[in-house]
Amino acid sequence: MIFKKLILVGFISLFFSSSLYAADCGPNGQSIRILASDFPAIHAIANSAESNCAGSASEFNRNHTTEARQIMNAAQTPNPAEYTSVIVANSTLVQLMNDGLVRPLDDLVEKYGGHLKSNQLITIDGKIMAIAFMANSQHMYYRTDILEKSGVDGIPATYDEVISAAEKIRAAGIMEHPLVMNLKVGWNVGEVFNTIYLAHGGEFFKPGSAEASINNAKGVAALETMKALVEYAHEDHLTQASDDTQGLWEAGQAAIGFMWGSRGGVILDNEGSSAEVTSNTVLSAAPTVTGGSIPGATLWWDGITIATNVSDSEAEATFAALVSGMTSEMVAANNDDAIWLIDGFKPGPAAAGVSATAQGGAKSYPMFAQMGLLHNALGAELVDFLKGSESAEQALSDVEAVYETAAKDAGYL
Amino acid sequence: MKHSTFLLFSLPSLSVMFLFIAIPIVSVFIQSLHIEHKQVIIVTENCDPFGCETTTSVDTEASAKLKEKAPLGKFNGFKTYSNRMHFAFDELGEAWKSSDSFTVFVKKLYNYPLYRALSFTLTYTFIVTPFVLFLGFLVAVGVNNLPKMFKGPTIFASLLPMIVTPLVGSLILFWMVDGDGVIGATLQKIFNDNSLSLKASPVLTWIMLMVYGIWHLMPFSFIVFYAGLQTVPQETIEAATIDGASKFQRIRHVVIPHLMPLAIFITLILLMDNFRVFEPIIGFRAEAHATSISWLIWNHLRESAYPLYNAAGATSMITIFGVAILLLPVLIRTWRDFKEKNKG
């Protein structure tokens, strides 16, 4: 019995000493509560924060849920807020900032963020509002063996080349529907439009106002491109999101895909798929339009924020814990889980697509305060066009009308 | 019973109804008359790992001041009800003027979310309800005629569709009707068409949702009818048999009239339930081809990062009115029967 206790005490003291030794966790005895989405890279960040600083905190709670976006505003509005930190992406930072639920981090960065790189700091009007740790974007996946077999030369770099490659694959009788895309009605289908519209050089709003401006020649061109692609996509494309497209890819039922970079590691690993698929899958930049230069993608970052409605010492402890995890050791241990923005990242094959897309000059997901409403309208109203029951102009004018109604109700117009 | 005693008896339930039903409905109604204050927008310079861009942000302090003055929001009257998201009166007027035939107008009508949702919701309600009533009755009669030892297990098995949670039930079916699933692949084989997809065709999606609805709700009408069958007076049945009535005639002239009040009760419940169809649309990811009124409410509140409480409130009020209109004929009929009985 005494022996057991001794071991326990030994472990606890080891734990404390190592954590105190390894990282500066800010004020002691604070409560750290994190709300985050649920994928490996975020777990890696939160894990290292927990192992560094849980010992010096009075509590360390994590809520990982893919529904984080839906609950964050409600959870952070009361004072004190439910979580001391929310791990966000471009669009969710806007969502929190619209209600004033994140605090500027300049003084905390000065105190604890010596090891952060300057491009990790997300600044809005000169104030640091979030610390990014990873990048993500949609890009192209392709199967070298199938392209070769159907006589496609080189990697398709434009949408027209993608379409003609898909046609060749179909003509060769290899696959009837060689394309996979995340086109599930709602957010996903809206996002596909965003990427292709940006590739066409489109702007979402009239400069300096919240008035939508997508019903134009570029919008129509983007929709035509989308329609041409959808011809070659799986019949059930309107029900498919990331998990489904990843599944189709791993089952070897697709030759060209537009999927998230964060799926690269999972697709290329040796689980859930055959060697034939994984060894022939290559990740490359998102295509551009013919004659254009902007890849059809939106660049995303994921980063940490600190809540407005918590005490300063809780905020400080949370920030210290989270940035203590952003080290090159953490990156080394989880290198293939994400495209890390932190020092020490060695880009592997799973990162090739996002790097090439970012280097090609793709745009960030737009951070307009009212962007979510337009995105929602796109997700609902483009479906009729894709089903073929509506013209492109009609679909785009519907989107603008729906957006206008919603934006008026929400106070943006 | 004296009126005062009756009142005292029902006071607890009345007050609970008032607190938890009447007050929330009034509050939802009031919410539907208000919209958000004007957001104070400022142009900002945002920098992220990929570069800097000029975008817009909300000036939260200025916006919060507006909110503090009138927390309910800006009064908007019934404009939420008449806007494009709901009855779309202005747009419909335009559409009516610019359409040369009624079919063109109906097609344009279908472009507006509320009418689109109504068309599926009403079709669903009016197809699923009679099927559930009729099939539930058939199953009840069938089970009632089984030998005693089989009754228990059969009843349990017949109740299963209702025991399975709607979302789980629809998800399981969703996987089965996939092109790679049991049902989907079999259908492709039968019709010898590899591109046949239950999820890609609007008509097949509607049929799938309704078949699911019938499957899910049938146990309810079955079990109520089955309970009713136990109370059918045996003397009347025997008398009818002696008079030479066939099995079918006995059911038609003795059993069905006896079960009529139950049938009305089931119809009422089914109409209400089906008008609020929601889970299968989510489970089957059928939003592209079928939306319902309840789905609209959910969409207003959840899909965007900006919950539109006014729109959700207005759609909720429309749902309540819709249910009231649906139930009216049945209620009027019951009331008339009741009065006639009292007279006689």
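A residue counts as buried here if 20 or more other C-beta atoms lie within 10 Å of its own.

**Figure 1. Chain A as a whole, in a predicted model.** By that cut-off, buried residues make up 55% of the 413 residues in chain A. The chain holds 18 helices and eleven strands. Along its principal axes, the C-alpha trace of chain A spans about 75 × 55 × 35 Å. Its radius of gyration is 23 Å, which agrees with the value near 22 Å for a compact globule of 413 residues. Look also at how the chain folds back on itself: of the contacts in chain A with a separation of 6 or more, 75% are between residues 24 or more positions apart.

**Figure 2. The two domains of chain A.** Domain 1 takes in residues 2-136 + 300-352, while domain 2 takes in 137-298 + 365-410. Measuring tape in hand, you would find the two centres, taken over C-alpha atoms, separated by 32 Å. Where the domains touch, domain 1 of chain A brings 17 residues and domain 2 of chain A brings 15 residues.

**Figure 3. A closer view of the domain 1 side of that contact in chain A.** Which elements supply at least two residues each to this side? They are α4 (90-98) and β5 (127-143) of chain A. The most comes from α4(A), which gives five residues. Sorted by class, the side of domain 1 of chain A that touches domain 2 has ten nonpolar, five polar and two charged residues.

**Figure 4. Where chain A meets chain B.** Here 48 residues of chain A are in contact with 42 residues of chain B. Several elements of chain A supply at least two residues each to this side, including α3 (68-76), β9 (298-306), α16 (371-381) and α17 (383-387). Also on that list are α4 and β5 of chain A, the pair seen in the previous view on the side of domain 1 that touches domain 2. The largest share of the chain A side, seven residues, comes from α18(A), a helix that covers residues 392-410. By class, the side of chain A that touches chain B divides into 23 nonpolar, 15 polar and ten charged residues. For the complex, the predictor gives an ipTM of 0.84 and a pTM of 0.87.

**Figure 5. A strand pairing between the chains.** How do β4(A) and strand β2 (residues 41-48) of chain B run, parallel or antiparallel? They run antiparallel, and two bridges join them. In this pairing, find A:Thr123 and look across: B:Cys47 in β2(B) stands opposite.

**Figure 6. Chain B and its domains.** The domain assignment of chain B gives domain 1 (35-75), domain 2 (77-111) and domain 3 (113-343). The C-alpha centres of domain 1 and domain 2 of chain B lie 32 Å apart. Chain B has a mean pLDDT of 90, with 99% of its residues at 70 or more. Among the elements of chain B, helix α6 (residues 113-144) has the highest mean pLDDT (95), and helix α2 (residues 60-69) has the lowest (84).

**Figure 7. A close-up of B:Lys341.** This lysine lies in helix α15 (residues 309-343) of chain B. Is B:Lys341 buried or exposed? B:Lys341 is exposed, because there are 8 other C-beta atoms within 10 Å, and 12 or fewer is the cut-off for exposed. B:Phe134 is 207 residues from B:Lys341 in sequence, and their C-alpha atoms are 27 Å apart in space.

Definitions and conventions:
Residues are numbered from 1 along each chain as its sequence is written. Chains are lettered from A and ligands numbered from 1 in the order in which they are written. This is a predicted model: local features need pLDDT of at least 70, side-chain atom pairs count only at pLDDT 80 or more; totals for chains, interfaces and linings use all residues. Domain bounds come from an automatic or database domain assignment. Two residues are in contact if their C-beta atoms, placed from the backbone, lie within 7 Å. Helices (H or I, at least four residues) and strands (E, at least two) are DSSP runs, numbered from the N terminus. Ala, Val, Leu, Ile, Met, Phe, Trp, Tyr, Cys and Pro count as nonpolar, Asp, Glu, Lys and Arg as charged, and the others, Gly among them, as polar. Two strands pair if DSSP finds at least two bridges between them. The radius of gyration is taken over C-alpha atoms; the globule rule is 2.2 Å times the number of residues to the power 0.38. pLDDT is the predictor's confidence in each residue, from 0 to 100.
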